[in-house]
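Welcome, and thanks for taking a look at this one. Please keep the sequence and the 3D view open side by side as you read the briefing below.

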Amino acid sequence: MGRRSFSREFKLEAVRLVSDRGMTVAEAARDLELHDNVLRRWVRQYRDDPAHAFPGAGQLKPEQAEIAQLKKEVRKLKAERDILKKAAAYFAKDS
């Protein structure tokens, strides 16, 4: 049996069963054929950041996207710095 994946809508509905309809996590997980810990994690993720919970495949939270962009920029700047160091050393030899 492979790993199952669930859509954002499914996760939101599962969380609503617990938060809005008053079901326990165990009851909702049993009805949805999920493990209790999976549903608890979804509820915690939604409670921590409702707007950005369950971003989906290939989509990052804004903070994660900014970190990725900054890491890319750091790599580029390091490469440029190394090129300039080599150029400075080359021109210093000729003098």
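**Charge, fold and overall shape**

The protein chain carries 21 positive and 15 negative side chains, and 6 Å separates the centres of the two sets. Do keep in mind that this is a predicted model. The protein chain contains four helices and zero strands, and from the N terminus on its elements follow the order α-α-α-α. With a radius of gyration of 24 Å, well over the 12 Å that the globule rule gives for 95 residues, the protein chain is more spread out than a compact globule.

**Extent, surface and contacts**

- Along its principal axes, the C-alpha trace of the protein chain spans about 80 × 30 × 20 Å.
- Of the 95 residues in the protein chain, 16% are buried.
- The accessible surface of the protein chain amounts to about 7800 Å², and carbon and sulfur atoms account for 54% of that surface.
- If you count contacts in the protein chain between residues at least 6 apart in sequence, 43% of them join residues at least 24 apart.

**Helix α2 and its two faces**

- Helix α2 covers residues 25-32, and V25, A28 and A29 are buried in it.
- Seen down the axis of α2, these buried residues fall within an arc of 100°, so they line one face of the helix.
- A helix rule of thumb is handy here: an α-helix has 3.6 residues a turn, so residues three or four places apart point the same way.
- What do the buried residues of α2 pack against? Their partners are α1, residues 8-19, and α3, residues 36-48.
- The face of α2 turned away from its buried side carries R30 and D31, which are exposed.
- A26 also belongs to helix α2; its relative accessible area is 26%, so A26 is partly exposed, falling between the buried limit of under 20% and the exposed limit of over 50%.

**The loop after α2**

- E33 follows α2 and sits in the loop between α2 and α3.
- Phi of E33 is near 60°, which is a positive value in a residue other than glycine, so you may like to look at this residue in your backbone plot.
- Is E33 buried or exposed? E33 has a relative accessible area of 62%, and because exposed means over 50%, E33 is exposed.

**Distances to try in your viewer**

- A26 and D36 are ten residues apart in sequence, and their C-alpha atoms are 5.7 Å apart in space.
- E9 lies in helix α1 and is exposed, with a relative accessible area of 55%.
- How far apart are the C-alpha atoms of E9 and A26? The separation is 20 Å, for residues 17 apart along the chain.
- R47 has its place in helix α3 and counts as exposed at 57% relative accessibility.
- From R47 to I83, the C-alpha atoms are separated by 47 Å, with these positions 36 residues apart along the chain.

Terms used. Residues are numbered from 1 along each chain as its sequence is written. This is a predicted model: local features need pLDDT of at least 70, side-chain atom pairs count only at pLDDT 80 or more; totals for chains, interfaces and linings use all residues. Side-chain values use heavy atoms; hydrogens and water are left out. Helices (H or I, at least four residues) and strands (E, at least two) are DSSP runs, numbered from the N terminus. The radius of gyration is taken over C-alpha atoms; the globule rule is 2.2 Å times the number of residues to the power 0.38. Buried means under 20% relative accessible area, exposed over 50%, partly exposed in between (1.4 Å probe, protein chains only). Contact means heavy atoms within 4.5 Å. Accessible areas come from the Shrake-Rupley method with a 1.4 Å probe; for residues, only the protein chains shown count as cover. Lys and Arg count as positive and Asp and Glu as negative; His and the chain ends are not counted. The place of a charge is taken as NZ of Lys, CZ of Arg, CG of Asp or CD of Glu. The arc is that of the directions from the helix axis to the C-beta atoms.
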